[in-house]
Amino acid sequence: MTHILFSIIFLMASYFLAVLALVQGYIPGGYRIEKGDDGKTREFLQYLKILGISFIIASALSGMMFYFFIYPSYQY
């Protein structure tokens with residue numbers, strides 16, 4: 001049982017960090033550009049949206065890898 005739990009945690013952590021690094025600039029609405037009162041433009045990142053979408057993608061990839069590669073070896 002601990003092998004399965006460790007496998008799921010390892011998959012989630014590795015996929016989450018990889019997806020977070022790859023898609024943070026490509027998520028629509030992940031950042032917005034606003035012009036301040038002083039006339040300078042600033043870029044604001046929306047961290048919750050980026051982390052949420054990365055978590056959803058990492059969960060889907062982890063579930064798929066677990067289902068196809070890890071789960072069959074534990075069936076008796």
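**Entry 1: Ser-62**

I looked up Ser-62 first and found it in helix 2, which covers residues 47-70. The model I am reading is a predicted one. Is Ser-62 buried or exposed? I noted 5% relative accessibility for Ser-62. Buried means under 20%, so Ser-62 counts as buried. Next I asked which residues Ser-62 is in contact with, leaving aside its neighbours within four places in sequence. My list reads Leu-11, Met-12 and Tyr-15.

**Entry 2: Leu-11**

I followed that list to Leu-11. Leu-11 sits in helix 1, residues 2-23. So the contact between Ser-62 and Leu-11 joins a residue of helix 2 to a residue of helix 1, as the 4.5 Å rule counts contacts. Leu-11 has 14% relative accessibility and counts as buried. I then wrote down what Leu-11 touches, not counting residues up to four places away in sequence. Those residues are Ser-62, Met-65, Phe-66 and Ile-70.

I also checked Leu-11 against Lys-40. In sequence they are 29 residues apart. How many Å apart are they in space, C-alpha to C-alpha? I noted 42 Å.

**Entry 3: Ile-50**

Back to helix 2, where Ile-50 has its place. Its relative accessibility is 4%, and I marked Ile-50 as buried. Which residues does Ile-50 touch, not counting those up to four places away in sequence? I found Leu-20, Gln-24, Ile-27, Gly-30 and Leu-45.

I picked Leu-20 from that list. Ile-50 and Leu-20 are 30 residues apart along the chain. Their C-alpha atoms are separated by 7.4 Å. I set this beside the pair Leu-11 and Lys-40, 29 residues apart in sequence and 42 Å apart in space.

**Entry 4: Salt bridges**

How many salt bridges does the count come to? I wrote down 2.

One joins Arg-32 and Glu-34. The closest N and O atoms of that pair are 2.8 Å apart. I looked up how open each partner is. Arg-32 is partly exposed, at 40% relative accessibility. Glu-34 is partly exposed too, at 36%.

Another joins Asp-38 and Arg-42. Here the closest N and O atoms are 3.3 Å apart. Asp-38 has 48% relative accessibility, which counts as partly exposed. Arg-42 is partly exposed, with a relative accessible area of 39%.

I then turned to the charges of the whole chain. The protein chain has 5 positive and 4 negative charges. I noted that their mean positions are 3 Å apart.

**Entry 5: The whole chain**

I stepped back to the secondary structure. The protein chain has 2 helices and 2 strands. In what order do the elements run from the N terminus on? I wrote α-β-β-α.

Next came the overall dimensions. The C-alpha trace spans about 65 × 20 × 15 Å along its principal axes. I looked up the radius of gyration and found 18 Å. A compact globule of 76 residues would have a value near 11 Å.

How much of the chain is buried? I noted that buried residues make up 16% of the 76 residues. Ser-62, Ile-50 and Leu-11 are among the buried ones.

I checked the surface as well. The accessible surface comes to about 6200 Å². Carbon and sulfur atoms account for 69% of that surface.

Last, I looked up contacts between residues at least 6 apart in sequence. Of these, 53% join residues at least 24 apart.

Notes: Residues are numbered from 1 along each chain as its sequence is written. This is a predicted model: local features need pLDDT of at least 70, side-chain atom pairs count only at pLDDT 80 or more; totals for chains, interfaces and linings use all residues. Side-chain values use heavy atoms; hydrogens and water are left out. Helices (H or I, at least four residues) and strands (E, at least two) are DSSP runs, numbered from the N terminus. The radius of gyration is taken over C-alpha atoms; the globule rule is 2.2 Å times the number of residues to the power 0.38. Buried means under 20% relative accessible area, exposed over 50%, partly exposed in between (1.4 Å probe, protein chains only). Accessible areas come from the Shrake-Rupley method with a 1.4 Å probe; for residues, only the protein chains shown count as cover. Lys and Arg count as positive and Asp and Glu as negative; His and the chain ends are not counted. The place of a charge is taken as NZ of Lys, CZ of Arg, CG of Asp or CD of Glu. A salt bridge is a side-chain nitrogen of Lys or Arg within 4 Å of a carboxyl oxygen of Asp or Glu.
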